[in-house]
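Work through the exercises below with the structure open. Try each task before you read its solution.

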There are 2 protein chains.
Amino acid sequence: MMSMFDFNSYLVARNREINERIDVLLKPDSSRIVSAMRYSLTAGGKRARPVLCIGAAESVGAEAKDVLTVACAIEMIHTYSLIHDDLPAMDDDDLRRGKPTCHVAYDEASAILAGDALLTLAFQVLSSAASEYPPSRLLEVIYLLSHAAGYKGMVEGQMRDIASEGISLDIDAIEQIHALKTGALIQASVLSGAILGGGNAEQIEQLKIYGKNIGLAFQVTDDILNVEGDPALLGKAVGSDENRKKSTYPSIMGMEASKQFARKLIDNALESLSIFDNKAEPLRAVARYIIYRKR
Amino acid sequence: MMSMFDFNSYLVARNREINERIDVLLKPDSSRIVSAMRYSLTAGGKRARPVLCIGAAESVGAEAKDVLTVACAIEMIHTYSLIHDDLPAMDDDDLRRGKPTCHVAYDEASAILAGDALLTLAFQVLSSAASEYPPSRLLEVIYLLSHAAGYKGMVEGQMRDIASEGISLDIDAIEQIHALKTGALIQASVLSGAILGGGNAEQIEQLKIYGKNIGLAFQVTDDILNVEGDPALLGKAVGSDENRKKSTYPSIMGMEASKQFARKLIDNALESLSIFDNKAEPLRAVARYIIYRKR
């Protein structure tokens, strides 16, 4: 039976809710630090992680509004990591989502501090949601997200990513970097939504598998888009991986095998959702979207 | 009556406990990120904030071991802020506590990420202490610390500090910068200990006043030491504030008035402790120490 689920309308609605909540959690004001934080936080990101958090909550029977604050905190953590990754001492990128990066639009000190402040705000927002969620569940989510973002997750992934520039890696090493650098937070986004949404042990177990597979699929398609994508749609130059002699899925396993691998990961992700009813349609749609996305 | 409290033995004992717990919370391993994090975290800091947290807990009748994890998380937040403040794009300091700063000993990318990772680890450590503390109190402390460290606290203080270099400030503006940059986290350290130690409303109110006064006193004496201190004891050069044309207490109100002001703040701090019995001796000793310290 064909699904009547309209993913585009869903994304538009969720994005509006997320952006409205962000405006509440970090109100515009005249200070330079808030301006720099909001510059990057509202720079037109895809909101993939908050949407995954919300989708996971919905799949276990909760509503978007039940996890909106946590979803926004996750986007703050993600945005902090982008700001710091773009710094001159790191990837030294001038353009992000078609706009000057934070340190270009402001200055390096402000960008470092805006990243610091967004990371800190995420935990402030999470801890101040104590009235919305059972405190012990909230602590579990704070643990999950800080672990995923920290020195055994995102930070270690970025360390390895920097260290590996110009070095030939095998597929296992690449996969490990991605699992740390982007996979951990994507998986934690899904799990946060599932836990706060009140999912049971079996549901959470399946969503863990879902999160792992789409996290990796997301990265594989990112590598593919860096070769074949349209710079206008991506909002950034393509070919940068090759210029930096970065080891990527296409560079190691070839383009066709990379696309096949991405499809396999998406199949795994969809398979893990088989125990869910149509409330998991958003998560299914995200999985399919990853393959067909242009940006 | 003379107090028999031996502050030196107290500090030695507390420092050992803090350092032992830090070794548990962030075990040495072979990764570069852990090495960089531990390099700064174990660089011989005074552990003033964790000692304040513990002292506050003791003053309301708890024991050091009851708040040790939280005390160490606070030191992680403090150390992250030092690493980032020292970066070339910020204060560009090569020496800290007599040792090369993190970005000198490692590299800039590693230092940025080590700071990020320490900040993140603080919240991981706090959230994973859920079995040690009532969850709602723990969330209150996470909120308190993230607020103090964030864009309305420490980060904003550093923004203003950078913006004010070479600009003449009045005493109110200086006081505001210090209240944000160092005062907020010092006060939050005291309050965290008091809250987790089970302090009542009156005790917490008085400790708030205590924290505010010693936070500012600490900064005033810091400014004084930057003029009159012994570089060998401080582990850093003196006169750097003057070289940078930074507005400081001595430069604005003069040296004698600055010392008098510091004494007044310490008197206020001691006064706020008058409702406490001798379990507050550590906090009283910290207050007195601030005036007499050489580093």
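**Exercise 1.** How many residues of chain A are in contact with how many residues of chain B?

This is a predicted model, where local features need pLDDT of at least 70, side-chain atom pairs count only at pLDDT 80 or more, and totals for chains, interfaces and linings use all residues. Residues are numbered from 1 along each chain as its sequence is written, and chains are lettered from A in the order in which they are written.

Step 1. Apply the contact rule: two residues touch if their C-beta atoms, placed from the backbone, lie within 7 Å.
Step 2. Count: 39 residues of chain A are in contact with 39 residues of chain B.
Step 3. Find the helices (DSSP runs of H or I, at least four residues, numbered from the N terminus). H2 (32–41), H6 (108–127), H7 (135–149) and H8 (154–163) of chain A each supply at least two residues of this side. H6(A) gives the most, with 12 residues.

**Exercise 2.** Find which symmetry relates chain A to chain B.

Step 1. Superpose by least squares on C-alpha atoms of residues with pLDDT of at least 70 in both copies.
Step 2. Read the fit: a turn of 180° and a shift of 0.0 Å along the axis lay chain A on chain B with an RMSD of 0.0 Å.
Step 3. That is the relation of a two-fold axis.
Step 4. Locate the axis: A:Pro135 comes closest of the residues of chain A, at 2.8 Å (C-alpha).

**Exercise 3.** Describe how H9 (residues 171–196) and H10 (residues 201–228) of chain A pack.

Step 1. Their axes, lines fitted to C-alpha atoms over the stretch in contact, are 8 Å apart.
Step 2. The angle is about 140°, on a scale from 0 to 180 degrees between N-to-C directions.
Step 3. H9(A) and H10(A) are therefore oblique (not under 35, over 145 or 65 to 115 degrees).
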